[in-house]
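This briefing covers the strand layout, the nonpolar core and the aromatic contacts of one chain. Please keep the sequence and the 3D view at hand while reading.

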Amino acid sequence: MKRCLMFLAIVIVEVMVATESRATGPTSVTSVVAAGGSADLMPTNTKIEFIVKQVGKTPVHRLGGFEKLKGKVSVDADKKALTAVSFEIMTDSLWTQVDDKLTEHLKSSNFFDVKEYPEIKFQSTKVVGQTVVGDLTLHGVTKSVSAPFRLKDAEGGKGGKKLAAEFTI
């Protein structure tokens, strides 16, 4: 069953170099101040989602994500550039837009196995241009991954940047 799915992770973080945050909608995140060049990542300012693509005669895309996480992002405030990122995702906080049956199936030992592996971890090792490289630990196995990211002005200005990364596992 594992081979029937492809995960696309979307990580969205807003890092503000200014001291103000903006109003948010139901699926948005609140900007975080990068005081001293770093900021803590938490569910209020970071969103980690994935798209599950079920292969077969009629491929179907399913949106899901994780509600609980913690981490840190570091930026060069003068250059307004990402320098490092690390985070831990609590796998039991997995959700899907479909139904409880799919959510529980993804939490089972067939996929994320949240009882045996309660965390997914990422620690960057370097940032080269618009690509972050680091160690991803999933199911107790650590592998080096690279993910392109976009750094663009945050909505509402205020000198902030919005970091978005997408990659396929």
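Glu88 has Lys121, in β9, as its bridge partner. The model is predicted, and its chain holds one helix and 12 strands. The points below go from strand pairing to the core, and then to the aromatic rings.

**Strand pairing**

- Strands β7 and β9 run antiparallel to each other and are joined over five bridges.
- β6 also pairs with β7 in the antiparallel sense, here over eight bridges.
- Within the pairing of β6 and β7, Val73 has Val85 of β7 as its bridge partner.
- The hairpin of β6 and β7 has four residues between the strands, and Lys80 takes a positive phi near 50° there.

**Chain as a whole**

- Read from the N terminus, the order of elements is β-β-β-β-β-β-β-β-α-β-β-β-β.
- The chain has 169 residues, and 38% of them are buried.
- Among contacts with a separation of 6 or more, 49% are between residues 24 or more positions apart.
- About 9600 Å² of the chain is exposed, and 52% of this area comes from carbon and sulfur atoms.

**Nonpolar core**

- The largest nonpolar core has 23 residues, and the members that touch the most others are Phe66, Val85, Phe87, Leu106 and Phe112.
- Two or more residues of this core come from each of β3 (38–41), β4, β6 (69–76), β7 (81–90), β9, β10 (131–138) and β11 (141–153).
- β7 gives the largest share, with four residues.
- Phe66 has a relative accessible area of 8% and is therefore buried, since the cut-off is under 20%.
- Phe112 is at 9% relative accessibility, so Phe112 also counts as buried.

**Aromatic rings**

- There are four aromatic pairs in the count.
- One of them joins Phe50 and Phe112, with 6.0 Å from centre to centre and 45° between the planes, and the pair is tilted.
- Phe50 sits in strand β4 (residues 46–54) and Phe112 in the loop between α1 (100–107) and β9 (119–128), so this pair ties together parts 62 residues apart in sequence.
- Both Phe50 and Phe112 are buried.
- Phe66 and Phe112 have ring centres 5.5 Å apart and planes at 90°; the pair is edge-to-face because planes over 60 degrees apart fall in that class.
- The pair of Phe66 and Phe112 also links distant parts of the chain, with Phe66 in strand β5 (residues 60–66), Phe112 in the loop between α1 and β9, and their positions 46 residues apart in sequence.
- Phe50, Phe66 and Phe112 belong to one aromatic cluster.

**Asp113 and its surroundings**

- Asp113 is found in the loop between α1 and β9.
- Its relative accessible area is 17%, which means that Asp113 is buried under the 20% cut-off.
- With neighbours within four places in sequence left aside, Asp113 is in contact with Leu106, Lys107, Ser108 and His139.
- Leu106, one of these contacts, is also among the residues that touch the most other members of the largest nonpolar core.

Methods:
Residues are numbered from 1 along each chain as its sequence is written. This is a predicted model: local features need pLDDT of at least 70, side-chain atom pairs count only at pLDDT 80 or more; totals for chains, interfaces and linings use all residues. Side-chain values use heavy atoms; hydrogens and water are left out. Rings of Phe, Tyr and Trp (its six-membered ring) pair if their centres lie within 6.5 Å; planes under 30 degrees apart count as stacked, over 60 as edge-to-face and the rest as tilted. Buried means under 20% relative accessible area, exposed over 50%, partly exposed in between (1.4 Å probe, protein chains only). Contact means heavy atoms within 4.5 Å. A nonpolar core is a set of buried Ala, Val, Leu, Ile, Met, Phe, Trp, Tyr and Cys residues joined through side-chain atoms within 4.5 Å. Two strands pair if DSSP finds at least two bridges between them. Accessible areas come from the Shrake-Rupley method with a 1.4 Å probe; for residues, only the protein chains shown count as cover.
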